[in-house]
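Work through the exercises below with the coordinates open, and try each task before reading its solution.

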Amino acid sequence: MRYLFLLAVFLLPLVSMAQPNPIGNFNSEAAWIHAPRISTMPAHTLSATDTCLIVISNRKTTTDSLRYMSEERDGKKLHYFFVFTHDGRWNVLPVNSLGEALKYIPDINNDWLLYTEGMGKLFTSDLARGLTVAGQYKLNVILFDYPSISTTKKQLGNYFFAIGNARTAYLDFGDAFKNVMQLHTEKRMGNGKLTMLYHSMGNHVIRQLVKHHMLAPINDKVWVDNLVLNAPCVPRRGHKKWINKIAFAKRIYVNYNNNDFTLGGAYLASKKIQLGQKPVRNISKKVIYVNFNTLVDRGHSNFLSIPGRTAAKPAPTRYYNTILHGDAVDLTN
């Protein structure tokens, strides 16, 4: 085992260097200026065509007026924000609760997505992902934000930093999921359909919620149309046992790719086959497994058209447009 770990130490940086830098310019002064924290909503009214985002974050706040959200987990409280774009600029309004944030949503009856990202996100880059999903798929999005990269660590250190925070985020977000369920059930989130998407390492949040017996408060009725475990960067072994305990979703999708380059790096670091690579053993009858390999080759974030990268391909985009809007996929197509 010692030799396997050493192999990972030497090879993971090579895998990381072959991918875009996850931090990029997102910690630059320009990036933070582009996402200013505001104290009040502007006088103009938001329209249904404006891109909006609700953020629930477990990060610590800072006293820095520019970089106001840290790279550390708070552990004591959650922070809520309503985010919207205007004149090419983001605006980040702190609010006291999810209920308060809902008051600012232009079209409350639109379909909803509860979205949890994977490794490599500062607060600014997580906002970028959330706004991209909201704009690309015309969804109301609630982003669950946790620290998943540090500007002070190198590749392997950041892997363990991110996975540690992903594995503990369930402690913070469990009550928030219950809050969403209550608001959705009471129709305070309108009449749209609702989907949960966990991407990559973000799948640890739902996995840990189940494994630590904290699922019960949101599991006594069906209130989610689709639960999407996308390119899950969690161990394949034993996934049937914990997924079978989930009863709150009408449908459960696992999107996988046995050639996924990013999950190959996770395998090198953990020596565990990831669920998003090859979920072929002891599969769950509750799950719809979708193989993306022939469509995306070595792709990982196949649902997004990320600036600076190759745009998402038409076929995956059509598929995601279906499931993220809470509809069932035609499996005969």
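Helices (H or I, at least four residues) and strands (E, at least two) are DSSP runs, numbered from the N terminus. This is a predicted model, in which local features need pLDDT of at least 70 and side-chain atom pairs count only at pLDDT 80 or more, while totals for chains, interfaces and linings use all residues. Residues are numbered from 1 along each chain as its sequence is written, and side-chain values use heavy atoms, with hydrogens and water left out.

**Exercise 1. Find which residues of helix H7 are buried, and what follows H7.**

Step 1: taking buried as under 20% relative accessible area (1.4 Å probe, protein chains only), the buried residues in H7 are Asn203, His204, Val205, Ile206, Arg207, Gln208, Leu209 and Val210.
Step 2: these are eight of the nine residues of H7 (residues 203–211), so the helix is largely enclosed by the rest of the structure.
Step 3: with contact meaning heavy atoms within 4.5 Å, the buried residues of H7 pack against E6, helix H5 (155–168), H6, E8, strand E9 (224–230) and helix H8 (239–243).
Step 4: after H7 comes His213, which has a positive phi, near 60°.

**Exercise 2. Write down the strand order of the open sheet and identify its edges.**

Step 1: two strands pair if DSSP finds at least two bridges between them, and the nine strands follow the order E5-E4-E1-E7-E6-E8-E9-E10-E11, with mixed pairing.
Step 2: strand E5 (89–95) and strand E11 (287–291) each have a single partner strand, so one side of each is left without a neighbour in the sheet.
Step 3: inside the sheet, E6 (residues 112–116) and E7 (residues 140–145) run parallel and are joined by five bridges, and Tyr115 has Leu143 as its bridge partner in E7.
Step 4: for the packing angle, axes are lines fitted to C-alpha atoms, for helices over the stretch in contact, and angles run from 0 to 180 degrees between N-to-C directions; H6 lies across E1, E6, E7 and strand E8 (194–199), at about 165° to E7.

**Exercise 3. Describe the largest nonpolar core and the surroundings of Ile142.**

Step 1: such a core is a set of buried Ala, Val, Leu, Ile, Met, Phe, Trp, Tyr and Cys residues joined through side-chain atoms within 4.5 Å, and the largest has 65 residues, with Ile142, Trp223 and Phe248 making the most contacts inside it.
Step 2: helix H6 (residues 170–185) gives the most to this core, with seven residues.
Step 3: leaving aside neighbours within four places in sequence, Ile142 is in contact with residues including Ile54, Leu98, Trp112, Val180 and Met189.

Note on methods
Buried < 20%, exposed > 50% of the residue type's maximum accessible area, 1.4 Å probe, protein only.
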